[in-house]
Amino acid sequence: MPTACWARLREDVDCGIRRGAWYDTVSVGQFEISLAVHGQERTFSRDTFDIVATQPTRWTIVAHASNAAVIPARWARGYAVCPQCSMRQLPMGRPQILRCDGCNGLYEVAWEETYFDPDGGSNSGGYKAPRF
Ligand SMILES: [Zn+2]
């Protein structure tokens, strides 16, 4: 694993990590991963994260957001998360490219991803594709 990589929560759990957001890794061990979270190093179980070696450049669509803390009710079906600044945003329609209200970056939207795939085992409610 290269020294610089990025990690994203892949299970719908509350652990102080924003669903759909990519975090800089501090270290990646066999069982644990340390991330830079709001300027602090925090350690998690490695198997609850997707890890990539190149900086992600596409919006994540978080479809199972009903359990997430501090989101507007109208986002319950889903929202997009910026790959650069991790800001959450509600896409209008189904744009292929979306500009971030936070960092002003322009990124593709990863519509074909099945984030929190129900076949992954942790969601009992079944997959519901978001409609915006
Ligand atoms: Zn952004």
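1. Ala 7 is a convenient place to start: beyond its neighbours within four places in sequence, Ala 7 is in contact with Trp 22, Tyr 23, Thr 25, Ile 33, Leu 35, Phe 49, Asp 50 and Ile 51. The model is predicted, and the remarks below should be read with that in mind.

2. Ala 7 also belongs to the largest nonpolar core, which has 18 residues. Together with Ile 61, Val 62 and Val 81, Ala 7 is among those with the most contacts inside this core. At least two core residues come from each of β1, β2, β3, β6 (58–62) and β7 (79–81). The core lies between domain 1 (6–52) and domain 2 (58–120), because both domains give residues to it. As background, nonpolar side chains tend to be buried together in soluble globular proteins.

3. The sheet is open and has 5 strands, in the order β4-β3-β2-β1-β5, with antiparallel pairing. Its edge strands are β4 (40–45) and β5, each of which pairs on one side only. From one strand to the next, the twist averages 40°. In general, strands of a sheet pair through backbone hydrogen bonds, either parallel or antiparallel.

4. The pairings can be taken in turn. Strand β1 (residues 6–9) runs antiparallel to strand β2 (residues 22–28), with 3 bridges between them; Arg 8 has Trp 22 in β2 as its bridge partner. Strands β2 and β3 are likewise antiparallel and are joined by 3 bridges, with Thr 25 opposite Leu 35 in β3. These two strands, β2 and β3, form a hairpin with 3 residues between them.

5. On the β4 side, 6 bridges join this strand to β3 (residues 32–37), again in the antiparallel sense. Ile 33 has Phe 44 in β4 as its bridge partner. Ile 33 also appears among the contacts of Ala 7.

6. At the other edge, Asp 50 sits in strand β5 (residues 49–52). Leaving aside neighbours within four places in sequence, Asp 50 is in contact with Ala 7, Arg 8 and Arg 10. The C-alpha atoms of Asp 50 and Leu 9 are separated by 6.3 Å, although the two residues are 41 apart along the chain.

7. Is Asp 50 buried or exposed? Neither label applies: Asp 50 is partly exposed, because 13 other C-beta atoms lie within 10 Å, whereas a residue counts as buried at 20 or more and as exposed at 12 or fewer.

Key: Residues are numbered from 1 along each chain as its sequence is written. This is a predicted model: local features need pLDDT of at least 70, side-chain atom pairs count only at pLDDT 80 or more; totals for chains, interfaces and linings use all residues. Helices (H or I, at least four residues) and strands (E, at least two) are DSSP runs, numbered from the N terminus. Two residues are in contact if their C-beta atoms, placed from the backbone, lie within 7 Å. Two strands pair if DSSP finds at least two bridges between them. Axes are lines fitted to C-alpha atoms, for helices over the stretch in contact, and angles run from 0 to 180 degrees between N-to-C directions. A nonpolar core is a set of buried Ala, Val, Leu, Ile, Met, Phe, Trp, Tyr and Cys residues joined through C-beta atoms within 7 Å. Domain bounds come from an automatic or database domain assignment.
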